[in-house]
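Student: I have a new model open and I'm not sure where to begin. Could you walk me through it?

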Amino acid sequence: MMTDVPYLYEKNLDTLKKKHPQIWQALINDSSEPEGEIFSCSNGQPNLNVMTPDGNEASLHDPDDPEKEAAEVLNLVPENATGACILIGMGLGYIIHAILEQRRSIRHLAVFDLNRNAFKHALKVRDFSTVLTDKRLILSFDPDPDVAKVLEPADKALLLEDAYRLRQVRAYQTDITAYQELETSVFEFISDRNIAGNTDHRFGMRFIKNRLSILPLLQYHGLLENLRNCFSGMPAVLVAGGPSLDKNIHLIKDLTGKALIIAVDSVLPVLQSHGIQPHFVTSIDPQALNFEKIADCTIDAQTSLIAAPHATPEVHQHFPPENIFWTFSKKPIEKWINQLAGGKTATPGASTAAHVNLTAAIMMGCDPIVFTGQDLAYSGYRDHAQGVVLNNPDAAQKTFFEKNPDAVMVTSIDGDKIPSTRTFVSMRNHFEAMISANPGFRYINATEGGAHIAGTDVLTLKQVIDTFCLETIKTDTALRPARKNQDMSAARQISLSLERMLDKTQKLHQIISKYDQVIHSAKKNLPKDRHARAIRSADTLPLTVRKKISQAEALEKKMDQGGSMEIWEILEEAALAAVKESERALFAATASTDKTPGAFITSFSSNLNRLIKLNAARKRILSFFRDELMEIIDFLKKEADLKQAVKDNAASIPPLFDLAAFYFETSQYSRLLSIIKHLEPLTPDHGLCHFYHGVLAAVHGGYNRRDTCFDNAQKADSALVPQIQSFKRKMGDRYFTVANEYKINGVHTPSSRKMIFKALRHCIDHPDLEKELLLLIDIDRQNIRELLETGNTSQAETILSVWHNALAVTPGVLKPLTNEQAADLYHLHSIALFAQNHLEKALEKLETALSFSPENPALFATAAEIFFTAEEYDNGIHYLNQAVLQDPSHAILWEKLGDHLQAKTRFTDAVTAYEQALLSMPDRLGLYKKMGDCYRETGQLEAAREAYKMITRNKTIKADSGNP
C-alpha cells in the first residue's frame, strides 16, 4: 500500500478548480471514497489495483513499470505531430504526462474516461499542476458523454489536422463492453470530422465554385422543400448500386406507376438498360469525373434531379431546369444560396447520394420507405452491381480486403457476417440516425444479403410489391405545383442580392489590402540586431510599431464584423488550407517559452509573417469570389436583356438565335435546349439549329447523332465548319483536363484512361491528346506484359478492356499509333484471353493484330499455341511453320507440341514434332531423351536405344570439338 503525498491533493484540486471548473465541481459533488488501492511498484512509482467485473484484482498499469505503456503509446504519435490526440481511459495519468511533455506540437489532448475513480486516486499521489494548466488538455469523465460538445475546443484541429486514436488498455478491464462502446462513439465522431475536414480541404474551392455555378439558372430551378408531402403515403423505393441489386433489378420495372423510384446517379445506366426510368435521380459528388456516371444516359422528361448544390455542374446541365430540385444544408454558403432561391428549410448534411434518397423520401412524405441495393458491404466480395459506372472491383477482392486496415465484418439482414469497411459502417450509422430522427414512417430493408440497418423491417422486394404497391400513382400531377414559375422578377431579385454581396466583398478586399500594408509597415519598423535583444514584450516595442499594431487591430475588428463575417463564413471551405497553415504558425509562435534576449522579436516577427501569408490567401480567395459574382451578375443582366428582346420582338427569329448563341457561349446547355425547341419549328433546316443539336448531342453522349447534326450543319452553312472544329477542340480540352486530374503520381488510372479516350472521341486531331496517347500506349504495353508474365491476368485485362472498349467505339484512336503498337496491343489482349481459356476471342484479337503486322512471327507463334490448345493441329502446324520460317527461335513450340502430344499418348506424332524441333535446335539434346521415351512407349526398343545413344554421341562430339 502507498500513502498519499501530503498537500498534493489540495494543490491539484486548486489547479483543477481554476483550469477545469466543471470537472472540479463534479469531484466536489461526489463525496464517495474512490475504489481500489494505490500501491508502490518496484521502481517506486504509484500504481492502482482495481476489481474487475468477474471479481478478480487487476492493476491499471504494468506492475513493474507503470510508465511502460506511456512509452508504447507515445510511439504512436510522431515527434512532430501537429494534430489532436484522443485517449480512451486514463489510469493514473502517465500517458497524459508523457504526451503533453514530449509532444509539444500537438494541438489538443482529449481524455475520455467512464468514471473519476482513478483520477481521484491520481490527484492524491501524482503532481498534475503542469498538466492541468496546459491549455491543450480536455477532460471528460461522463459515463455517457456528449462527444461533440466535449471535443468542441478541438473541432478545428480535427477538421484540419491528423487525429491520433489512443487507448489506456488496462482501463478497459473495469468494464470492457462500456469502454468499447465509448471508444466506438468517440472514434466514429473523430473519423467523421476528419473525413469532413479532409474532403473540404481537398475540394474546398471546387465545392464553392460548383455551388456558385447554380446561381445563373437558379430562377428556373425548384427546391426539395417545394416537394414537401407531395407523395404523402405513397411507397418509395430507394435504389442504390450495391451488388445485391442484381438480384432485384428485374423486379424494379414492376414498380413503374406503383411506387416512387428514387435512384442514386450511379445506377441510372443500369436502370435504363432494363427499361426503367426512375422518377428522381440524386447526386452529390463534386468531381467532374462523376458526371460519367450518367454521361451517356438519355434523361427522360419524367425524371427529375435532386442534388446537393456542390455536385459537379455537368450533372445539372444534363437535366431540364424545371426538373431540378436543390437540397441545402446548414453550411453558410448553402444557407445564403437557399435564401436567394426563396427557401426556408435546411436539410441534414448527406455524405452520399443514398442519404439524399432517404432525405427526399422523408421530405416528400413517402410511406413505406424501401431500401434496395443498399448493401453497405462487399456482398460476395463484389463492390457494385453489374453495369454501375466508375466502380472499383479491385477494392472488393478478398485478398485485397483482408489486407485493408479499414476492413470489418458486419451483420447482414440474414444474421450472417459479411465483409464491410469502417466507411460503410459510418454510412450505416448515418442512415440509422436519420431513421431514428424521423419516426412515424415504416422503413423496409429489401436489400437481399446486405448489412442490417437498425430501425428497418426486413422484406424481399417481391413482398414489398405484393403488399404495398397496389395502386397507380400520378407523379406528374403531384410535381406540377412544385415546379418553379419562370418569371423575370426572380432573376432581378437574385441579381440585386448578388450586387449587394459584391459590394461587401469589394469593401472587405479594400480593408484587407490596407491591413496588409499596415502589417508590412510594422514588420519593416521592427528593431534589429542589438536593439531587438532589449525587446521582451509588446509594451517595449517602438512607438511606431505599436501604432501600426493598433491600426491593424482596428482593421481586424472591421474584418470580423457584420457583412464581412458573412463573407468569411461563405468562403470558409476555400480558406481551409490557408487557415491550417496559419493555425500551425500561430500555435508555434504562442507555444514558445523561450525567454532569451531577442526571442520575443523573433516570435513577433514570425507572427507578422503568418499574417502576411494569411492575407495573401484571403485576397486571393476574395478576388476569386468577386470575379465569380461579377461573371454571374453580368450573365443575369445579359440574359435579361436578351429575353426582353425576344419578348419585345415576338414575331422575330434573330433575337431567339441571339439568346441561343448566348447560352452556347456560356455553356448553359440545358437552357440552350429550350431555345432550340422554340426555334426548330420556325427554321428546321437552319445550319445553327443543326449545329446546336450537335452540341447538345455531344454533351449528352450521343456521338452518332452529333456527327449527323454536324454534317447537316456544314451542308446548310459551310461557314460553320470552324465553329464545329472549335467546339470539338473545347470538348477534347475538357476531357483531357479531367484525365490529367485523375492521374495518380503522374500515372494514368483506368478512369483517367477512359477520359483520354473520351477526349479523343470528341477531337481525334487534338495534338496534346495524340502525344499523351503515344506515351500511354508504350507505358501500358510494358505494364500489361509484366502483369501477364507474373500471372496477374485480371489486372492486365482491366487495362486492356479500357483500350478495347475505346477502340470499339472510336476506331480513330489507332490513328496516332504505329502498326507495331496497334498489333502489339491486340496481341497482348489475345494472350490475356488465351490465359483465361477464351480461345475463340483470343483468335479474333490475333487476327486483328495480324491485319496490322502480317509478317510478325510472334503473332504466328501465339496462333500456333492457341490452335494446339484447341487440338486443331493442322492449323497450329501451319502457323508454327510460318513463325519458324521468319524466326527460328520459335521452334521451341515444336517441342511444346511434342510434349502436348506425348501427354495425349500420341507418341508417333510427338516424335515427328520433336524431329521438327531438332531441325532448328540440333543442340537441344533433351529432345533425344523425349523421342526415346516415345519409342519405348510404342515398343520400338531399338529405336529408343538409338535415340538415347544420340545424347552421349553428341556430348562426345561437343567435347572433342572443344565446345562446353
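Tutor: We can go from the whole chain to single helices, loops and residues, keeping in mind that this is a predicted model.

Student: Okay, what does the chain span along its principal axes?

Tutor: The C-alpha trace covers about 110 × 95 × 75 Å along those axes.

Student: And how many helices and strands are there?

Tutor: The chain has 40 helices and 18 strands.

Student: What share of the residues is buried?

Tutor: Of the 964 residues in the chain, 51% are buried, while the surface that the chain exposes comes to about 44,600 Å², with carbon and sulfur atoms supplying 51% of that area.

Student: What about contacts between residues far along the sequence?

Tutor: Among contacts with a separation of 6 or more, 69% are between residues 24 or more positions apart.

Student: How far apart are the mean positions of the positive and negative charges?

Tutor: They are 7 Å apart, taking the 106 positive and 120 negative charges of the chain.

Student: Let's pick a helix. What's going on in H29?

Tutor: Helix H29 runs over residues 721–741, and its end C-alpha atoms are 31 Å apart, which agrees with the 30 Å that its 21 residues should span at 1.5 Å a residue. Its buried residues are Ile724, Phe727, Met731, Gly732, Tyr735, Phe736, Val738 and Ala739.

Student: Why would positions three or four places apart in a helix point the same way?

Tutor: An α-helix has 3.6 residues a turn, so residues spaced by three or four places face the same way.

Student: Which helices do the buried residues of H29 pack against?

Tutor: They pack against H25 (654–665), H26 (669–679), H27 (687–699), H28 (703–716), H30 (750–762) and H31 (767–789).

Student: You mentioned H27, so how many of its residues are buried?

Tutor: In H27, 13 of its 13 residues are buried, which leaves this helix mostly covered. From its first C-alpha to its last, H27 reaches 18 Å, close to the 18 Å expected for 13 residues at 1.5 Å a residue. Just after H27 comes glycine 701, with a positive phi of about 80°.

Student: Where else is phi positive, in residues that aren't glycine?

Tutor: Asparagine 837 has a phi near 70°, and threonine 905 has a positive phi of about 65°. Asparagine 837 lies in the loop between helix H33 (819–835) and helix H34 (839–852), whereas threonine 905 is in the loop between helix H37 (892–903) and helix H38 (907–920).

Student: Are those two buried or exposed?

Tutor: Asparagine 837 counts as exposed because its relative accessibility is 54%, which is over 50%, and threonine 905 counts as exposed at 53% relative accessibility.

Student: New topic: how many disulfides are there?

Tutor: The structure holds zero disulfides. Cysteine 297, for one, is in no disulfide, and the nearest cysteine sulfur, that of cysteine 709, is 19 Å away.

Student: Why is cysteine 366 not bonded to cysteine 230?

Tutor: The sulfur of cysteine 366 is 9.5 Å from the one in cysteine 230, which is its closest cysteine sulfur, and that is too far for a bond because a disulfide needs the sulfur atoms within 2.5 Å. Cysteine 366 is also buried, at 0% relative accessibility, and cysteine 297 is buried with a relative accessible area of 5%.

Student: Which residues does the cis peptide bond join?

Tutor: The cis peptide bond joins aspartate 367 and proline 368, with omega about 0°. Proline 368 sits in the loop between helix H14 (353–363) and strand S14 (369–372).

Student: And what comes after S14?

Tutor: The loop between S14 and helix H15 (398–403) holds glutamine 374, which is buried with a relative accessible area of 6%. Leaving aside neighbours within four places in sequence, glutamine 374 is in contact with Ala240, Ala354, Phe431, Thr447 and Ile453.

Student: Last one: where is threonine 505, and what does it touch?

Tutor: Threonine 505 is in helix H19, residues 488–524, and at 1% relative accessibility it counts as buried. Not counting residues up to four places away in sequence, threonine 505 touches Ile567, Leu622, Phe625, Arg626 and Leu629. The C-alpha atoms of threonine 505 and glutamate 566 are separated by 10.0 Å, with the two residues 61 apart along the chain.

Key: Residues are numbered from 1 along each chain as its sequence is written. This is a predicted model: local features need pLDDT of at least 70, side-chain atom pairs count only at pLDDT 80 or more; totals for chains, interfaces and linings use all residues. Side-chain values use heavy atoms; hydrogens and water are left out. Buried means under 20% relative accessible area, exposed over 50%, partly exposed in between (1.4 Å probe, protein chains only). Helices (H or I, at least four residues) and strands (E, at least two) are DSSP runs, numbered from the N terminus. Contact means heavy atoms within 4.5 Å. Accessible areas come from the Shrake-Rupley method with a 1.4 Å probe; for residues, only the protein chains shown count as cover. Lys and Arg count as positive and Asp and Glu as negative; His and the chain ends are not counted. The place of a charge is taken as NZ of Lys, CZ of Arg, CG of Asp or CD of Glu. The expected span of a helix is 1.5 Å times one less than its number of residues.
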